[in-house]
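Colleague: I am new to this structure and would like a close look at a single part of it. Could you take one strand and describe what lies around it?

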Amino acid sequence: MGKLDTRTAIVTGSGRGIGRAIAMKFAAEGASVVVNDLDPGPAKETVEEIVAAGGKAVASIGSVTEEGFADRFVATAVDTFGGLDIIVNNAGFTWDNVIQKMTDEQWDTILDLHLKAPFQILRAAQPYIKANPTDYHRKVVNISSNAGVVGNAGQSNYAAAKAGIIGLTKTLAREWGRYRVNVNAVAYGLINTRLTEASADGNATIDVEGREIKVGVNPQLLAAAERSIPLGRAGRPDEAAGAVFALCLPETDYVSGQCLVCDGGSR
């Protein structure tokens with residue numbers, strides 16, 4: 001038996017990277033998973049891999065910031081699998097600049113993605129959670145970042161959003177404790193994904209709803225960052241997923257309102 005048998009989980013941004021690793025881990029432990037990605041291909045590939053391994057999954061395609069997405073996402077879990085037990089707000093990307101060069105579009109895009117969208121998903125889930133009490137603990141894990149804990153130059157938009165998600169987490173832990181829901185956050189340090197593995201001195205970009213967003217990290221800065229990590233390296237997506245998984249187990253039923261830092265010992 002898996003440790004998440006009978007549970008239903010929704011995970012935003014789970015077609016690739018850390019989100020995919022979270023979805024795969026949940027499914028391997030018995031959870032039914034609603035996989036989300038902006039692009040159909042990665043979401044469907046993740047679902048197919050889960051199903052091929054004997055798990056249960058369905059795709060919910062679309063941007064977490066689009067109107068009506070939150071209600072549709074929650075309804076997909078309830079209508080397909082008959083419940084909703086775990087919510088992971090993971091979707092995101094960075095769009096960096098120093099503050100004097102940052103546009104309103106950059107600021108609004110990142111705040112909408114990393115803070116407003118999780119708020120909307122949690123708001124959409126509340127009526128179902130309130131109306132359907134359980135004898136076990138439901139779980140919410142919101143993904144934050146070290147940038148939200150200590151700040152990061154060139155990321156005022158991202159840092160503000162990730163600090164905000166910690167505040168939302170702590171507040172919702174107080175509001176939803178009476179529903180037997182644990183609400184926690186995980187703040188990541190340097191994790192190797194497509195957003196960090198590309199070199200910032202190259203031409204790597206990602207397409208986000210028609211926007212070409214430059215990605216990558218300066219190789220010298222990346223090497224210095226890895227040297228500063230006590231464990232001596234960046235984390236892997238499966239290790240990042242492990243932190244989320246731990247907060248979704250019955251063993252952490254008395255942990256709520258906390259921010260678990262997953263960064264190899266840097267903070």
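Modeller: A word on pairing comes first: two strands are said to pair if DSSP finds at least two bridges between them. With that in mind, and remembering that this is a predicted model, let us look at strand E4, which covers residues 86-89. On one side, E4 pairs with strand E1 (residues 8-11) in the parallel sense over three bridges, and here Ile-10 stands opposite Ile-87 of E4. E4 is also joined by four bridges to strand E5 (residues 138-145), and these two strands run parallel, with Asn-89 standing opposite Asn-142 in E5. The path between E4 and E5 includes helix H4 (residues 104-131), and the three elements together make a right-handed β-α-β unit.

In a regular strand the side chains alternate between the two faces of the sheet. Both faces of E4 are covered, since Ile-86 and Val-88 on one side are buried, as are Ile-87 and Asn-89 on the other. Ile-87 also has a place in the largest nonpolar core, which has 41 residues, and Ile-87 is listed with Ile-10, Leu-84, Phe-93 and Trp-176 as touching the most other members. At least two residues of this core come from each of several elements, among them helix H3 (69-81), helix H6 (156-176) and strand E6 (181-188), while H4, the helix of the β-α-β unit, gives the most, with ten residues. In soluble globular proteins, nonpolar side chains tend to be buried together.

Technical notes: Residues are numbered from 1 along each chain as its sequence is written. This is a predicted model: local features need pLDDT of at least 70, side-chain atom pairs count only at pLDDT 80 or more; totals for chains, interfaces and linings use all residues. Side-chain values use heavy atoms; hydrogens and water are left out. Buried means under 20% relative accessible area, exposed over 50%, partly exposed in between (1.4 Å probe, protein chains only). A crossover is right-handed if, with the strands pointing away from the viewer, the path from the first strand over the helix to the second runs clockwise. A nonpolar core is a set of buried Ala, Val, Leu, Ile, Met, Phe, Trp, Tyr and Cys residues joined through side-chain atoms within 4.5 Å.
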